[in-house]
Amino acid sequence: MKAIRRFTVRPVLPEPLRPLSDLARNLRWSWHTETRDLFQAVDPDGWRACDGDPVQLLGAVPAGRLAELAADRRFLRRLTAAADDLDDYLHGRRWYQTHPRAAEFPAAVAYFSPEFGVTAALPQYSGGLGILAGDHLKAASDLGAPLIGVGLLYRHGYFRQSLSRDGWQQEHYPLLDPDELPVTLLREPDGGPAQISLALPAGRSLRAHVWVARVGRVPLLMLDSDVEENGPGERDVTDRLYGGGSEHRLLQEMLLGIGGVRAVRTYCRLTGHPEPEVFHTNEGHAGFLGLERIREAGEAGLGFDAALEAVRAGTVFTTHTPVPAGIDRFDRELVTRHLGDRGALPGVPVDRILRLGTETYPGGDPQVFNMAVMGLRLAQRANGVSTLHGAVSRGMFAGLWPGFDADEVPITSITNGVHAPTWVAPEVFRLGARRIGAGRAEDALTVGGSDPWNPVAGIPDAEIWELRRELREQLVTEVRARLRASWRQRGAGAAELGWVDGVLDPDVLTIGFARRVPSYKRLTLMLRDRDRLRSLLLHSERPVQIVVAGKAHPADDGGKRLVQELVRFADDPRVRHRIAFLPDYGMAMAQKLYPGCDVWLNNPLRPLEACGTSGMKAALNGCLNLSVLDGWWDEWYEPDFGWAIPTADGDGIPAVSAMSTMSVMDEDRRDDLEAAALYELIENRVAPRFYDRGPGGLPHHWVQMVRRTLAVLGPKVLAGRMVREYVERLYAPAAGAHRALDAATAGQLAGWKARVRGAWPKVAVDHVEAVEHAPAGTAELGVVLALRVRVALGDLAPDDVEVQAVAGRVDADDAITEARPYPLKPAGGPDLEGRVVYEGPLPLDRTGAFGYTIRVLPSHPLLASPADLGLVAWPGTR
Ligand SMILES: *Cc1c(COP(=O)(O)O)cnc(C)c1O
C-alpha cells in the first residue's frame, strides 16, 4: 500500500524540556560540542542511530525517556546552562558591534549562494563552494555580522554515492522532507506560508515557499518550489543541486537571484530585520539578484542607467573558479524568452539585460550570456579567493577592461578561510583549552588574531604525538566501519570481510586525499606509476597508507572512470590493507578524515584550484600539507608546514588560456613529471621524517612541524579572518557607496558616465615634456623630473578626469612593470583649442631601466576604481 499523504508527527516535549527544541532548531549545535554532548545524553543509542542529528533524535526518543529526563535535576541544570549559553551567543555584542568603524558597517548583508554546507544534517551542498558558504555564515554569526543567507532548498540535495561491485559510481537521491530538517517555514501573520512568485513565459508562474534555517545569529532563507500551486515542471525546479539541463539551471538561478531578493524583502517585512545595504553573490549563479534590484529601483522611478549605478554600488561579487566549466553560460535566446516581455522582470529592457552578459572580449562567443561577466558588470566590487586566484582572475577577465593592464583590473582577492569550531576535532580543541582556558580558546578560533595561538608553542612533544596517534586510531576505526558498510553494499557477505579488520594501521604514516572529482584535481595522479605506488605502500620500514574519497558529478563519466580506476587499485588484495576508497564523501566523513591524517595531499593542475580549503581544515588539526603550490598553499606554504610538490608549469602566473590549448601530449608529460616528484617527496622527505624517532620514540622534527602548523598557520586559515576582511575591505565600502547613491545622486552619476563616454573620443594626450631629462637617456637616482603635458579634453572639464604619469621598471619591450601612478595637476588653459596643461614632479626613485608614460582617466568620487568605465587615453591613442 502506498500512502496518499505523509505527515511527520512531532513529539510533544514535556514543559521542562522545551528548551531542547530551540537548541535543536538553531544549527549552532553543529559547531558547539557541549550542546551536542547534551543531545547525546538524551539518548546515546538514538544519537548514534541518527548520525548526530538533534531534530531526528527528538522525533524518535521514546516518551518514557522524555518523562525520565523531565524529572532529572542534573540533566535539567545542564539544559538550562546550554539554553542560557545560546541566548548569550545570540544577543551579546560581538566583534561587529564593538568595532571602531561599526557606524560604517552595513545594517545587514544578504549573502547568496547556490549551495550551503552547514552540517551533514542539512545536506544542501556538493563541495567546496557550499562548505565555504556555510563557513562564511557561521563565522559571520560568531563575529556578530548581520548576514542573511539566501539559497534554495533542494528536495534531493546533491546525490549520495555508493559503488557497484566493479567500482562504478552509483547515485542515489533520497527525498529530504523539510519537516524532518532543521528548518521552519516562513509564515505570514495570518499563519499561511509566505509565498514568492515569478512570472514565466506563456502566462505560467513559478512560486516558492521560504524555509528558514537558523545558523547561530544568521537566518538562512531557502526557497522551495515544491508547492501545490505550481505546475509539475515548476515544482521540480528545486529538485536537485546542479542537475538537469540548461533551462532547468536557468530557472533555478532565476529563483535564487530574483526570487531570493523577493524572499529577503518578505523576510524583513515579516520579522523587522533591517534591510540589507549590501548584496554579496558567492559565484555567478545568483547574479540575477542585481537585475531584480534594478527592477525595484525602476518601480521607484529610476531609469535603467541610474538604477544600475545604485545597484552596483551595494553589490559584491566573488568569483570562485578559473575553470570555464565552472562558469554558467546560457543561450541568449533562452534568456530573452524568460526575461523579455511579460517575463520575470517587468519593466527591465531585455536588450540591456543581454548586454550585461555579453562576452565582449576577444574570443568571446556572441551567442552566449555569461553569468560571471554579468556578475562583474553588476558589482562595483569583485574578488577572487586567494592571492594567486586574484591574479589569475584579473588576467582571465582583463578583456572586459580594454586599455588596462591585467594588474589594474578591479578584481581584488580575499583568501578563503574555514570555520574552526566546525572543523577542529574536540580532542585538538581540548589540547589548546587546557593551556589557555575554553573561553579564550573559543575566541582564538572565531575572532582570530595570532597572539592567543602562541601558547601552542609550549605544548610538549609527547602530548602532541599522543594526540596525533589517538586521532589516527579513531580514523582507522572509522575507515574500517565505512569500508565494511561499502563492501556489504557492493554485495559481499560478512564472512568474506574478515580482512577489513586489518585495514590500516594506527602507527603507519597516513595520507589523505578527498575532494570532488573534476579532471583538474587529478584524483588518479598517484596511480601514474602503480608499481612505484605499491612499493611506497608496502615499504618494509617506512610504509605509507592512503585514504581516498570523492564524488564525480553524475553527468561526468570521465570522473566516474577515475573513481573506478582508484577503487580497482585499492581492491587489490596485495595493497588493500594500505589504501582505501571511501564512498560518499561529505561533511560528516570530512570531520573525521582531516584530523586523522598525518599528511593532506593535493595535486591539482596549477593554477586551476582557486583556493582549496580541505588542506586548511587538515592544518587546523595538526595535519601537514603535501601540495602543488596552488590556491592558498601558494601563498602560505612554508617548509615548516609541509611540502610543495614541484610543478612543470614554470614560475609565475600561468595563463588559464594556455591551459585550455595544452595538448594531450603536454598534459601527459606534465602528469608524469609531477607524479614522479610526488613519489620522490613521499619516499625521501615525508616518510623518513615521520619515521625518524628520537628519545621516547618521538619524531621530534615532525612534531615540531605539527606545532608550527597549528601555531603559525592556524590563525591565518580561519573563516573569522576571512569574514573580517570581507567586512572591512568590501562590505563597509560597498555600504558607503550604497548610502552615497540615493536616487538623485545615482541619476547624476549615470548622467555623468554617459557624458564622459560620449566625450571620450576627443580626449588625448597631445604633448609631453620633461625638464631636466638627461640627454643620453640616463639619469641619477634621486633626480626629480618636472613633467609638463598638454591634454585635449574636448567637451570635458579638468574635474572630470585625472591625468597621471605612470612610472616603473621597463622590460626589454618597454613594457612598464610594477607601475605606480603620479597624479599631475592642471596648470593652465584651456587654450583656444580646449587643451589643458598639466604639471607635476616624477621622482626617479629606482635604479635600473625605468620608464614612464602619461594617461588620462575618468575621475569621479563615486567610482570604486579608475578602471570603472573601462576608459583610458594614452599619448598617440587618438
Ligand atoms: C572542505 C570540503 C571540500 C572542499 O575541499 P577542497 O580542498 O576545496 O577541494 C569539499 N567537500 C567537503 C565535504 C569538504 O569538507
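Biologist: What lies 2.5 Å from an oxygen atom of the ligand?

Modeller: In this predicted model, that is a polar side-chain atom of Ser614. The protein as a whole covers 96% of the 390 Å² of accessible area that the ligand has on its own.

Biologist: What makes the approach of Lys521 to the ligand a polar contact?

Modeller: The cut-off is a pair of N or O atoms within 3.5 Å. An N or O atom in the Lys521 side chain sits 2.8 Å from an oxygen atom of the ligand, so the pair qualifies. For Tyr594, a polar side-chain atom is 3.1 Å from a ligand oxygen, and that is within the 3.5 Å cut-off too.

Biologist: Which residues come nearest to the ligand?

Modeller: Of the 15 residues around the ligand, the nearest are Lys521, Tyr594, Thr613, Ser614 and Lys617. By type, the shell divides into six nonpolar, six polar and three charged residues.

Biologist: Which helices supply at least two residues each to that shell?

Modeller: They are α8 (128-143), α23 (587-596) and α24 (614-619). The largest share, three residues, comes from α23.

Biologist: How do you know where the ligand lies relative to the domains?

Modeller: Look at who gives residues to the shell. Domain 2 (99-417 + 731-740) and domain 3 (434-715) both do, so the ligand lies between them. The domain assignment also gives domain 1 (15-91) and domain 4 (759-858). The centres of domain 1 and domain 3, taken over C-alpha atoms, are separated by 35 Å.

Biologist: Let's turn to the strands. Why is β10 called largely enclosed?

Modeller: Strand β10 covers residues 218-224, and seven of the seven are buried, so the rest of the structure largely encloses it. In a regular strand, side chains alternate between the two faces of the sheet. Here, Val218, Leu220, Met222 and Asp224 are buried on one side, and Pro219, Leu221 and Leu223 are buried on the other.

Biologist: Which strands pair with β10, and in what sense?

Modeller: Strand β4 (residues 147-152) pairs with β10 in the parallel sense over four bridges, with Gly151 opposite Met222. Strand β9 (residues 205-215) runs antiparallel to β10, and seven bridges join the two. One bridge there has Val215 partnered with Val218. The hairpin of β9 and β10 has two residues between the strands, and in it Gly216 takes a positive phi near 60°.

Biologist: What makes β15 count as paired with β12 and with β16?

Modeller: Pairing requires at least two bridges. Strand β12 (residues 315-318) is joined to β15 by three bridges, and strand β16 (residues 412-413) is joined to β15 by two, so each pair meets the requirement. Both pairs run parallel. Asn383 takes part in each: Thr318 is its bridge partner from β12, while Thr412 stands opposite Asn383 in β16. As for burial, Arg381 and Asn383 point one way from β15 (residues 381-384), Ala382 and Gly384 point the other way, and all are buried.

Biologist: Why is Leu504 called buried?

Modeller: Buried means under 20% relative accessible area. Leu504 has 3% relative accessibility, so it counts as buried. Leu504 is in the loop between α20 (461-489) and β17 (509-514), and its phi is near 65°, a positive value in a residue other than glycine.

Biologist: And why does Asp584 count as buried?

Modeller: Asp584 has 17% relative accessibility, and under 20% is called buried, so Asp584 qualifies. Asp584 lies in the loop between β19 (579-582) and α23. Its phi is also positive, about 65°, although Asp584 is not a glycine.

Biologist: Why is Trp168 called partly exposed?

Modeller: Buried is under 20% and exposed is over 50%, with partly exposed in between. Trp168 has a relative accessible area of 25%, so the middle label applies. Trp168 is placed in the loop between β5 (160-163) and β6 (169-172). Between Trp168 and Arg269, the separation is 101 residues in sequence and 50 Å in space, C-alpha to C-alpha.

Biologist: One last item: what kind of peptide bond joins Arg606 and Pro607?

Modeller: A cis bond, with omega about 5°. Pro607 lies in the loop between β20 (599-602) and α24.

Note on methods
Residues numbered from 1 in each chain as written. Predicted model: local features only at pLDDT ≥ 70, side-chain atom pairs only at ≥ 80, totals over all residues. Heavy atoms only, no water. Buried < 20%, exposed > 50% of the residue type's maximum accessible area, 1.4 Å probe, protein only. Near = heavy atom within 4 Å. Polar contact = N/O pair within 3.5 Å; in protein donor to acceptor, adjacent residues only side chain to side chain. Areas by Shrake-Rupley, 256 points an atom, 1.4 Å probe, with all protein chains shown as cover. Nonpolar A, V, L, I, M, F, W, Y, C, P; charged D, E, K, R; others polar. Domains from an automatic or database assignment.
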